[in-house]
Amino acid sequence: ALAQTWDLGTAPTLAFKTLVGQSPDTFTDGQIANVEATHTGVYVDLRGVPVTWEGRAPDGTFLDYHIMVDWLRARMNEAILNLFVQNPRVPYTTDGIELVKNAVFSVIDTLRRRGGVSPDFPIVVEAPAPSDVSAEDRAERVLPDVTFDFVFVGAIHKVRVQGTISL
């Protein structure tokens, strides 16, 4: 097991973690190539330090990203449900749509405050104006096309350093 716990909104990278009660494995160069090609997680000795490597899912994306997406989906569903429960009505007006946008933004902003959203890029939440929604969607009380955009903070796993040494 990992020797630490974290809030699922800000899961750490799953690389470079030590495992309690586990010994690192030894791999041949061919096995390491296979691990890298298949994005398999391993526990290795890296310059005398036992660590997990590299924390990817089978599709090649990093596991902390998947943890963040799952957290975000759950908290977003909760925030929108709370909006409906705590208000007698969320009107199909510009103000009502702003309430929905604010609920979505608040979840992303919580993730930002916990370090999961890059502060170097804006958070954008958009929704159509009531007049841009079809009569059918309005009649069914569906607000379509609510979108958001932000940049996940990610992590640095490798560093390339170049330099010049002069006398």
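What is the volume of the largest pocket? In this predicted model, local features need pLDDT of at least 70 and side-chain atom pairs count only at pLDDT 80 or more, while totals for chains, interfaces and linings use all residues. Residues are numbered from 1 along each chain as its sequence is written, and side-chain values use heavy atoms, with hydrogens and water left out.

The largest pocket has a volume of about 410 Å³. A pocket here is an open set of points on a 1 Å grid over the protein atoms alone, where a 1.4 Å probe fits, with protein on both sides within 12 Å along at least five of seven lines; lining residues have an atom within 4 Å of a point. The volume is the space filled by probe spheres set on the points, which are joined across faces, edges and corners. Of its 14 lining residues, Phe84, Val90, Pro91, Tyr92 and Arg141 are the closest to the centre. Helix 3 gives the most to this lining, with three residues. By class, the lining has ten nonpolar, one polar and three charged residues (Ala, Val, Leu, Ile, Met, Phe, Trp, Tyr, Cys and Pro count as nonpolar, Asp, Glu, Lys and Arg as charged, and the others, Gly among them, as polar).

The second largest pocket holds about 200 Å³ of space. Here helix 2 gives the most to the lining, with eight residues. Among the lining residues are Met68, Leu72, Phe148 and Phe150.

Helices and strands are DSSP runs (H or I, at least four residues; E, at least two), numbered from the N terminus. Helix 3 (residues 94-113) has 20 residues and should span 28 Å at 1.5 Å a residue, and the 27 Å between its end C-alpha atoms agrees with this; the expected span is 1.5 Å times one less than the number of residues. Its buried residues (under 20% relative accessible area, 1.4 Å probe, protein chains only) include Ile97, Val104, Ile108 and Leu111. Helix 2 (63-86), strand 3 (124-126) and strand 4 (147-149) are among the elements that cover them.

Two of these residues return in the largest nonpolar core: of its 16 members, Leu72, Ile108, Leu111 and Phe150 touch the most others. Such a core is a set of buried Ala, Val, Leu, Ile, Met, Phe, Trp, Tyr and Cys residues joined through side-chain atoms within 4.5 Å. Helix 2 and helix 3 each supply at least two residues of this core. Beyond its neighbours within four places in sequence, Phe150 is in contact (heavy atoms within 4.5 Å) with Met68, Leu72, Ile108, Leu111, Val117, Pro122 and Ile123.

Notes: Buried < 20%, exposed > 50% of the residue type's maximum accessible area, 1.4 Å probe, protein only.
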